[in-house]
Amino acid sequence: MREHDSRLVEDVAMTATITSAALSLRHVDKAALQCSWPATGTPIGTLTLQGSCDPGHDGQQKPVPANWSTIDGTSVAVTGAAGDMLYNIQNPGYKWLRLVYTRTSGGTGAVLNVYANVKGP
């Protein structure tokens, strides 16, 4: 079984909306995203996963999907304290995945990190 790790968001300030890099799910059976934000600052907002079925490759095989849809049931509140969230995706039917943090207020001093792990045949 093939396995690959990547960092989609690295120490990005939670003072505005954050959109992660796109993660290709081609030939993937399982995917997991781990989000964490340390005890500094008081971020308030929402984490949400989005998927895309766009063909999404340029000539160099870099992801370039243009159309994204929110994946039902993935919204999680960030409530002003340190925290983390682990998403586990089984048998995705979409080709691309990304995370969006939508800021409501606060966030000064807080940073977001998102790690991904995918597995496939």
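Two strands count as paired if DSSP finds at least two bridges between them. I put this at the top of the page as I need it for the entries on β5 and its partners, where Gly 51 stands opposite Ser 69 in β6.

**Entry 1: the whole chain**

I note that the model is a predicted one. I looked up the elements and found ten strands and zero helices. Reading along the sequence, I wrote the pattern as β-β-β-β-β-β-β-β-β-β.

I then looked up the dimensions. The C-alpha atoms fill a box of roughly 40 × 30 × 25 Å along the principal axes. A compact globule of 121 residues would have a radius of gyration near 14 Å, and the chain agrees, because its own value is 14 Å.

Next came the surface. The chain exposes about 6,400 Å², and carbon and sulfur atoms supply 50% of that area. Of the 121 residues, 39% count as buried. I also checked the contacts between residues at least 6 apart in sequence: 84% of them join residues at least 24 apart.

**Entry 2: the open sheet**

In which order do the four strands of the open sheet stand? I read the order as β1-β10-β4-β8, with antiparallel pairing. β1 (2-13) and β8 (83-90) are at the edges with a single partner strand each, so one side of each has no neighbour in the sheet. From one strand to the next, the twist averages 10°. I added a reminder that strands of a sheet pair through backbone hydrogen bonds, either parallel or antiparallel.

I followed one pair in this sheet. Nine bridges join β1 to β10 (residues 111-120) in the antiparallel sense. One residue pair I looked up here is Ala 13 with its bridge partner Val 111 in β10.

**Entry 3: Asn 113**

I stayed in β10, where Asn 113 is found. Is Asn 113 buried or exposed? Its relative accessible area is 8%, and buried means under 20%, so Asn 113 is buried.

I looked up the polar atoms around the side chain of Asn 113. This side chain makes a polar contact of 2.7 Å with the side chain of Arg 7. A polar atom of the Asn 113 side chain also lies 2.8 Å from the backbone nitrogen of Asp 11. Leaving aside neighbours within four places in sequence, I listed the residues in contact with Asn 113, among them Val 9, Glu 10, Gln 34, Cys 35 and Ser 36.

**Entry 4: β5 and its partners**

I turned to β5 (residues 44-52), which is mostly covered, with seven of its nine residues buried. I looked up three antiparallel pairings of this strand. β5 is joined to β9 (residues 96-105) by nine bridges, to β7 by four and to β6 by two.

Gly 45 appears in two of these pairings. In β7 its bridge partner is Val 78, and in β9 Gly 45 stands opposite Arg 103. For β6, I return to the pair from the top of the page, Gly 51 opposite Ser 69.

**Entry 5: Thr 74**

Where is Thr 74 placed? I found Thr 74 in the loop between β6 (69-70) and β7 (76-79). Thr 74 counts as buried because its relative accessibility is 8%, and the cut-off for buried is under 20%.

Not counting residues up to four places away in sequence, Thr 74 touches Leu 47, Thr 48, Leu 49 and Tyr 87. I also looked up the separation from Ser 105, which is 31 residues away along the chain: the two C-alpha atoms are separated by 20 Å.

Conventions:
Residues are numbered from 1 along each chain as its sequence is written. This is a predicted model: local features need pLDDT of at least 70, side-chain atom pairs count only at pLDDT 80 or more; totals for chains, interfaces and linings use all residues. Side-chain values use heavy atoms; hydrogens and water are left out. Axes are lines fitted to C-alpha atoms, for helices over the stretch in contact, and angles run from 0 to 180 degrees between N-to-C directions. Buried means under 20% relative accessible area, exposed over 50%, partly exposed in between (1.4 Å probe, protein chains only). A polar contact is a pair of N or O atoms within 3.5 Å; within protein, one must be able to donate a hydrogen and the other to accept it, and residues adjacent in sequence count only if both atoms are side-chain atoms. Contact means heavy atoms within 4.5 Å. The radius of gyration is taken over C-alpha atoms; the globule rule is 2.2 Å times the number of residues to the power 0.38. Accessible areas come from the Shrake-Rupley method with a 1.4 Å probe; for residues, only the protein chains shown count as cover.
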